[in-house]
Amino acid sequence: MIQDDEIRCYQEGAIGWIRFNRPEARNAMTWHMYQAMTQAYRQFDENEAVKLIAFRGEGGEAFVAGTDIKQFAEFRERRDGIDYERRIDEVIGGLERLATPTVALIEGYCIGGGAAIALACDFRYANGALKFGIPIARTLGNCMSITNVARLIDLIGVSRTKRVLMLAQMIETEEALAAGLIETVVDGDDLDETARKLAERLSGHAPLTMRAAKTCISRVLDQRRATHEAGDDLIELCYTSEDFHGAVKRFIDKTPYAWQGR
């Protein structure tokens, strides 16, 4: 399993742990972290001894606060945004389709790419400091893939999705619980133990029945969702805009950006 400065992946009993380890950056995801996460969850999924794959951010402040923005500064070509969203779709779609049950254990910020990871998990538990959102309308001016928007609609509904994406509004713990976005509220110190109890419970259930249930749900969702290409024009519109490139630079420089609408 992968053990490095950015991500820790290891097996503990019936749990395959994937722990994001950039607390100084609120665990913002680098390309390496996405690749390592994908490699790890595939290995865990092939291991019959693993009954639950658990995702957690280190540091106590954040699960994952999106993709590391510095990486967007390299975007130049018209395909860069589409290729990035395709890459993320492959990572998140692969997570969603795993046969092994998955859980996101969330402390504090769960933003952007972190929200996408959490949405693709079967279960989500959070502490009282949860801040879930995709605030790109006020930060970067980019665009989510249509499949990730569909996941958001599936879990929180159309109205909340509009508030999250258009108003850049955060969903906090009480609303997340009422919306069914999280299963229950757990103190941060107890999140690991929550995963252990969940793994123990799942270990006592019929493996083929659970696999069939996950597959049935995935097939239903696949039938309801639009194809990737249905949103390519919107991704290209945003990622090639003056606003996106200007906002990325200002975000890195930590200075405000005035939207131009072009």
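**Exercise 1.** In this predicted model, find the salt-bridge partner of Glu107 and work out whether each of the two residues is buried or exposed.

*Solution.* Start with the contact: Glu107 pairs up with Arg56, and their closest N and O atoms sit 2.7 Å apart. That's inside the 4 Å cut-off, so the pair counts as a salt bridge. Next, place the two residues. Arg56 belongs to strand E3 (residues 52-57), while Glu107 is in the loop between strand E5 (102-106) and strand E6 (109-111), so the bridge joins distant parts of the chain, 51 residues apart. Now check accessibility, where buried means under 20%. Glu107 comes out at 11% and is therefore buried; Arg56, at 9%, is buried too. Finally, look around the pair: both belong to a network of salt bridges that also links Arg8, Arg19, Glu58 and Asp192.

**Exercise 2.** Say which helices the Arg86–Asp232 salt bridge links, then classify each residue by accessibility.

*Solution.* The N to O distance here is 2.8 Å. Arg86 lies in helix H2 (residues 79-96) and Asp232 in helix H8 (residues 232-239), 146 residues apart. For accessibility, Asp232 has 13% and is buried, whereas Arg86 has 24% and is partly exposed.

**Exercise 3.** Do likewise for Arg224 and Asp154.

*Solution.* Their side chains meet at 2.9 Å, N to O. The bridge ties helix H7 (residues 207-224), home of Arg224, to helix H4 (residues 146-166), home of Asp154; the two residues are 70 apart. Arg224 is exposed at 59%, and Asp154 is partly exposed at 30%.

For context, the structure has 23 salt bridges.

Conventions
Residues numbered from 1 in each chain as written. Predicted model: local features only at pLDDT ≥ 70, side-chain atom pairs only at ≥ 80, totals over all residues. Heavy atoms only, no water. Helix = DSSP H or I, 4+ residues; strand = E, 2+ residues; numbered from the N terminus. Buried < 20%, exposed > 50% of the residue type's maximum accessible area, 1.4 Å probe, protein only.
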